[in-house]
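Me: I'm new to reading protein structures, and I'd love a close look at one part of this one. Could you pick a single spot and then walk me outwards from there?

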Amino acid sequence: MKRIFNQVIFSALLGMFFISCQSSGEKKKTGTVNSDQPAAETANNQPVQAAEKVHQENAVYKKYCLVCHQADGSGVPGMYPPLGKGSWTGKDPKELVLILTNGLKGKVEVNGEFYNSEMPAQPQLTDEEIADVLSYIRSNFGNSFDPIDVELVKKIRGGK
Amino acid sequence: MKKLAFLIITLALWGACQLNSNKNLNSAKGIVSDKDNAGLKLPDGFSALVYADNIGHARHMAINSNGDVYVSLSNVKDGGGMVCLRDSNKDGRADIIKYHGIYDGTGIKIRNGYVYFGADTVIVRYKLTEGELVPSETPEVIAEGFTAQSQHATKPFTFDEDGFMYVTVGAPSNACQVQDRTKGSPGIDPCPILELHGGIWRFRAALLNQDQAKEGYRYATGIRNAVAITWNNVENKLYALQHGRDQLGQFYPDLYTDEQSAKLPAEEFLSVNDGSDFGWPYCYYDPVQKKKVLAPEYGGDGIKAGRCSNAENPIMAFPAHTAPNDLLFYTGSMFPERYRNGAFIAFHGSWNRNPLPQEGYYVAFVPFKGGVPSGDWEIFANGFAGVGEVKSPADAKHRPCGLAQAPDGSLFVSDDANGRIYRIAYNGQ
């Protein structure tokens, strides 16, 4: 136990010493994800290399969804529903977009289990990021649903 | 707190036959543990068996003086939110299992011949009849008026010996932001949630239909959510463990690295007095700096304390996000002397220590003397998860959630992932 705690202390101290350099690293990472606006919009109008595309989708998931739904989409039992098999991931794209823009609250059933939690709205996401992340969850965690087009997201969001 | 229920019921029902039945169970003689100790890693001399399995999402437990076990479920199963279990053939395992009651939830205790049950918005009790396993059909309402919450909704509770019941009312929020769990949203100041949430409320233990806002008394505040809460009869004092706030790094990447965010803040072991204020949402406990730090939602920078220099500190700090879900001060005679009056804590296990592996998923032990820890904490029982490393909580086959002490002194642990009830005994000399 002592050992674990010493590790905690040691790494947290390390973290504190390097806080400035770490956070500039964070910023850089954020920069890539958020190159979103102008850069990503342009990128979308041109043929994008598949690998890069996957990377970007994954980046949105990592930054905004992973904490609750987990790296493998398995969720947190009793708290945050999974995004894999039997989840709502294959539902009407409109419903999925609305979950991201409005959040979701109250008792829901996902894959035979009940959840009565709250997903915060994600209004910070651009249309492009919503299309990306929804396409990502629809083609991962054992899912193979069609991607969601950014034009559809635009229409649903009323051009925001 | 189970031992508390046990003590109270023993005193209340004070009958020769009750005492006799305790003795029959004493020392776990004739009870053979499972070959693999139910998959658990335990200290030398301890062994374990599966008392019951797959009974539902088993949260907390209460054990009657005759050994009958009552378990709360987070979701009704087979028509009941409470499971009543009896070992009628005395092989140490349940052989009669009944589902009962329309309410589901977390809190459950036995007091003066009643099973008290904490549903998320109401606390009720069912009358027990001597000799019968299943309690009365119709519940009586003890405390009500709790709002429906979409997080930290559970209502665990405990009793003192002066006729009071203490109920955790968790905060329906992470850090009292204007928009919960939303980057850039500031903390509301003062936090209005604290009026009816984020603390421990006291009620009369046997008075019906008490409304939280009217008859409830805010005993302690600034506690985000304390699923583990118990009255220690030896010290005559309330103890609880707080689930600390989440997502520091996600919302404040300039102040916290992912790794710091995984390791901050500590889960806090609280010694709770009338009027205690532990500082949520304004403060959190940093186990490295060993102090309460101002939360970034309230202008904190990860170092300065500000108004938090007045917030009460924990008596012990545990790794972040490990989710202490139950607390039991051991009063039995089965376990060796060093465990007597010490604290067992069930850590449900973390979900937000990414990118580090998850942590917790064990039962810890803290030696106590004079109402405070007298040494370091240690892992007492491990291996519940059944996998080498828990990357996501769903990897864990079993997650410790509740603790109870049986009349013979064995320790029960409930698992809310797959509904296993473990029974841990000491038989090595």
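**A close look at B:Ala364**

Reply: Let's begin with B:Ala364, which sits in strand E24 (residues 362-366) of chain B. Please keep in mind that this is a predicted model.

Is B:Ala364 buried or exposed? Its relative accessible area is 0%, and residues under 20% count as buried, so B:Ala364 is buried. Which residues does it touch, leaving aside those up to four places away in sequence? One group is B:Ala343, B:Phe344, B:Ile345 and B:Phe347; the others are B:Trp377, B:Glu378, B:Ile379 and B:Phe380. For a sense of distance, pick out B:Lys291, which is 73 residues away from B:Ala364 along the chain. The C-alpha atoms of these two residues are 23 Å apart.

Now let's step back to the chain around this residue. Chain B contains 30 strands and four helices. Its radius of gyration is 21 Å, close to the 22 Å that the globule rule gives for 429 residues, so chain B is as compact as a globular protein of that length. Along the principal axes, its C-alpha atoms fill a box of roughly 60 × 50 × 40 Å. B:Ala364 has plenty of company in being buried, since buried residues make up 64% of the 429 residues in chain B. What about contacts between residues at least 6 apart in sequence? In chain B, 59% of these join residues at least 24 apart.

The outside of the chain can be described too. Chain B exposes about 14,600 Å², and 49% of that comes from carbon and sulfur atoms. Its side chains include 41 positive and 47 negative ones, and the centres of these two sets lie 2 Å apart.

For a second buried residue, turn to B:Thr168 in strand E11 of chain B. Its relative accessible area is 1%, so B:Thr168 is buried as well. A polar atom of the B:Thr168 side chain lies 2.7 Å from the backbone oxygen of B:Ala226. B:Ala226 is also one of the residues that B:Thr168 touches, beyond those up to four places away in sequence. Among the others are B:Thr154, B:Lys155, B:Pro156, B:Gly199 and B:Ile200.

Strand E11 (164-169) also leads us to an unusual piece of backbone. The loop between this strand and strand E12 (199-204) holds B:Pro190. A cis peptide bond joins B:Asp189 to B:Pro190, with omega about -5 degrees. Another cis bond runs from B:Trp280 to B:Pro281, where omega is near 5 degrees. B:Pro281 lies in the loop between strand E18 (276-277) and strand E19 (283-286) of chain B. These bonds catch the eye because most peptide bonds are trans, just as most residues other than glycine have a negative phi.

That second habit has its exceptions here too. B:Asn37 is not a glycine, yet its phi is positive, near 50 degrees. You'll find B:Asn37 in the loop between helix H2 (16-25) and strand E1 (46-52) of chain B. Over in chain A, A:Gln70 also has a positive phi, of about 75 degrees. A:Gln70 belongs to the loop between helix H5 (66-69) and helix H6 (93-102) of chain A, and at 1% relative accessibility it counts as buried.

Notes. Residues numbered from 1 in each chain as written. Chains lettered and ligands numbered in written order. Predicted model: local features only at pLDDT ≥ 70, side-chain atom pairs only at ≥ 80, totals over all residues. Heavy atoms only, no water. Helix = DSSP H or I, 4+ residues; strand = E, 2+ residues; numbered from the N terminus. Rg over C-alpha atoms; globule rule 2.2 N^0.38 Å. Buried < 20%, exposed > 50% of the residue type's maximum accessible area, 1.4 Å probe, protein only. Contact = heavy atoms within 4.5 Å. Areas by Shrake-Rupley, 256 points an atom, 1.4 Å probe, with all protein chains shown as cover. Lys, Arg positive; Asp, Glu negative; His and termini not counted. Charge placed at Lys NZ, Arg CZ, Asp CG, Glu CD. Polar contact = N/O pair within 3.5 Å; in protein donor to acceptor, adjacent residues only side chain to side chain.
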